[in-house]
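Work through the exercises below with the sequence and the model at hand. Each task is followed by a solution in steps.

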Amino acid sequence: MNTNSDKVFRARRVITPTGEVAASVVVHDGRIAEITPYDAPHAAGEIIDVPDDSALLPGLVDSHVHVNEPGRTAWEGFATATRAAVAGGITTLIDMPLNSIPATVDIAALREKQDVAAGQCSIDVGFWGGAVGDNLGDMAELARAGVFGFKAFLLPSGVEEFCHLDAAQLEAAVRAVAELDSLLIVHAEDPAVIDAAPAPHGPIYADFLASRPVEAETRAIAALIDLAERYGARVHVLHLAAACAVPMIAAARARGVRITAETCPHYLTISAEEIPDGATEFKCCPPIRNRVNQQGLWNGLRDNVIDCIVSDHSPSTVELKRAGGGDFGKAWGGIAGLQVGLSAIWTASPDWVGLPDLVRWMATGPADLAGLEHKGRIAIGADADFCVFAPHEEFVVDATALQHRNPISAYDGRTLRGVVRSTWLRGDLITGDHARGRLLQREG
């Protein structure tokens, strides 16, 4: 395949930063060179006509994926994760520093992860570094090596290789990212609130929900806001589940605090009321909350307080996910949703949501978070990464047919609307059969 030849993608529905248009998108050397009217003549190049029942979206960007390789490759891996991403219209992902062994908390671990990923990735992949109690002195070297920022936990992460930060360590990490002009992304739940709540146990979902109260999120976010304001640091709230924190984030932004937030498809499409007891495929932390809370998250997206929707793809083996035979205290916590997030969100979207909103939340927003100006948008100069999406077509999720390594999913058996017809990376069709992806580094 000659990737240097021009291609012209023609579609009646092209989702651009200024809205939906009928257009021809001209690609040269893997970048978008021109956007012209749909019927504009083109002297040379291959013409790719997008079917009229489909829209041309930018390739999605998922900035919250646990690939788990090396060390826990039985849970997932770069080959399977990136094939699942292709099937879900995702052309760029950023890998979390856990649950791999070693965790990405120093330069040696980063190099090992890059070496393992090289030659396996169907899409472009970047890496977050970790901020743990004993590595704060390694953060500058990791930043120079191109990690996109640093992840921190405020309570035990669930794996012994990735330690959480106490209050003094969190303050030191916030100060460090301010000095490095980097970003701290935070699993924001307060450990004291969790410790005071009933311990998770047994098969009743309401009991598990009580073990992770909303106050754990709001108290942790308040502390993070205070530190970000004090040091002028850039911070990001991961997987926001508690809608009552949205006004706090909005108020902080209004006075200039550099804080952003994300939520996830499972919080927006599944509610606590519909989770059966013993169904540990729905276990995640923070937990999936009730319908009223879910509406508050949608309102946070509508009001531009929540910036992006990302998968928090956190898979495990079936045995770990089912550990305890339906006991929410014993089963692994995490939702495997990388492949179906776009369709799940489109299916559950309120009437006011259009495809440009999905692109803003699932492509441009995560790209902007990571500083990837050439990703997540159909604009001149951007990478020619595309998702051809049929918004009216439906399918039933079959966990055994997903590209994820382990056949367990909270979406199994659900009828979803919106099908990814094809995915393109730098103007080339990708199917997951060839490792065409590049390893990305933060620029600047």
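**Exercise 1.** What covers the buried residues of α10?

The model is predicted: local features need pLDDT of at least 70 and side-chain atom pairs pLDDT 80 or more, while totals for chains, interfaces and linings use all residues. Residues are numbered from 1 along each chain as its sequence is written, and side-chain values use heavy atoms, without hydrogens and water.

Step 1. List the buried residues (under 20% relative accessible area, 1.4 Å probe, protein chains only). In α10 they are Asn-293, Gln-294, Gly-296, Leu-297, Trp-298, Gly-300 and Leu-301.

Step 2. Find their cover by contact (heavy atoms within 4.5 Å). The cover includes the helices α8 (246-254), α9 (265-269), α12 (341-348) and α13 (355-370), together with the strands β13 (258-263) and β14 (308-309). Helices are DSSP runs of H or I of at least four residues, strands runs of E of at least two, numbered from the N terminus.

**Exercise 2.** Check the span of α10 and inspect its ends.

Step 1. The expected span is 1.5 Å times one less than the number of residues. For the twelve residues 291-302 this gives 16 Å, and the end C-alpha atoms lie 17 Å apart, which agrees.

Step 2. At the N-terminal end, Asn-290 acts as a cap, with a side-chain oxygen 3.3 Å from the backbone nitrogen of Val-292.

Step 3. After α10 comes Asn-304, with a positive phi near 65°.

**Exercise 3.** Place α10 in the whole chain.

Step 1. The protein chain has 13 helices and 17 strands.

Step 2. Of its 444 residues, 60% are buried.

Conventions: Buried means under 20% relative accessible area, exposed over 50%, partly exposed in between (1.4 Å probe, protein chains only). A polar contact is a pair of N or O atoms within 3.5 Å; within protein, one must be able to donate a hydrogen and the other to accept it, and residues adjacent in sequence count only if both atoms are side-chain atoms.
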